[in-house]
Amino acid sequence: MQLSTRDRSVESDPPAGLAAICDNSLSPRWYRFLRPAGDKMASKCVPTQKCGTAVTGWLSSPHPEVSDGIVNGKVCFHWLNECCFRDQVIKVRNCGRFFVYKLNKPEGCPMRFCGSNVGKLSFFLFIYIGTQE
């Protein structure tokens, strides 16, 4: 399954006048973040009131290497000035060019998993280095 809506991005504010979005309808399965939501789950504490929600979810454990296989990861939910107000254990796998996450719905609303993009500097550095002979 794909998580690809723009409102899931760490750069997205909740829509004015609308209720914060919640991931309470997620079925337990493997998910992949795709743009415009992001390339992967956010890996730094995301400010509240982002990702189209109030309580923002981010991966506090490191993203695994390909050789690690499937690993346990810890998602923290930021609320009330606490970057890890609530947490949830998930599964994470590095598939080489992307990550997948085995997610369950969060324990309450309006909790939501946030996506982020690979840094632009890394992308341009890759292109620059990749074109050198």
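**Figure 1. The whole chain at a glance.** Read along the sequence, this predicted model follows the pattern β-β-β-β-β-β-β-β-β-α. That gives the protein chain one helix and nine strands. Of its 133 residues, 35% are buried. The exposed surface comes to about 8000 Å², and carbon and sulfur atoms supply 54% of that area. If you like contact maps, here is a number to keep in mind: among contacts between residues at least 6 apart in sequence, 65% join residues at least 24 apart.

**Figure 2. The open sheet and its edges.** Here we look at an open sheet of seven strands with mixed pairing, in the order 1-2-7-6-5-4-8. Which strands stand at the edges? They are strand 1 (2–3) and strand 8 (111–113); each has a single partner strand, so one side of each is left without a neighbour in the sheet. As a reminder, strands of a sheet pair through backbone hydrogen bonds, either parallel or antiparallel.

**Figure 3. The hairpin of strands 5 and 6.** Strand 5 (residues 70–79) and strand 6 (residues 82–94) run antiparallel and are joined by nine bridges. Two residues lie between these strands in the hairpin, and Leu-80 in the turn has a positive phi of about 55°. Two cross-strand positions are worth finding in this view. Cys-76 stands opposite Asp-87 of strand 6, while Phe-77 stands opposite Arg-86 of strand 6. In a regular strand the side chains alternate between the two faces of the sheet.

**Figure 4. The hairpin of strands 6 and 7.** How many bridges join strand 6 to strand 7? There are four, and the two strands run antiparallel. Lys-91 has Lys-102 in strand 7 as its bridge partner. This hairpin has four residues between its strands, and Gly-96 in the turn has a positive phi of about 100°.

**Figure 5. Two aromatic pairs.** A search of the whole structure turns up two aromatic pairs. In one, the ring centres of Phe-33 and Tyr-101 are 5.5 Å apart and the planes meet at 85°, so this pair is edge-to-face. Phe-33 belongs to strand 2 (residues 29–33) and Tyr-101 to strand 7 (residues 99–103), so to speak of the chain itself, the pair links distant parts, 68 residues apart. Both Phe-33 and Tyr-101 are buried. In the other pair, the rings of Phe-77 and Phe-113 have their centres 5.6 Å apart. Why is this pair called tilted? The planes of Phe-77 and Phe-113 stand at 55°, and edge-to-face would need an angle over 60 degrees. Phe-77 lies in strand 5 and Phe-113 in strand 8, so the pair ties together parts that are 36 residues apart in sequence. Phe-77 and Phe-113 are both buried as well.

**Figure 6. Arginines over aromatic faces.** Two more close-ups show an arginine with a phenylalanine ring. Arg-32 lies over the face of Phe-98, at 3.7 Å from the ring centre. Arg-86, which we met opposite Phe-77, lies over the face of Phe-85, at 4.4 Å from the ring centre.

Notes. Residues numbered from 1 in each chain as written. Predicted model: local features only at pLDDT ≥ 70, side-chain atom pairs only at ≥ 80, totals over all residues. Heavy atoms only, no water. Pairing = 2+ DSSP bridges. Phe/Tyr/Trp six-rings, centres within 6.5 Å; stacked < 30°, edge-to-face > 60°. Buried < 20%, exposed > 50% of the residue type's maximum accessible area, 1.4 Å probe, protein only. Lys NZ or Arg CZ within 6 Å of the ring centre and 35° of its normal. Contact = heavy atoms within 4.5 Å. Areas by Shrake-Rupley, 256 points an atom, 1.4 Å probe, with all protein chains shown as cover.
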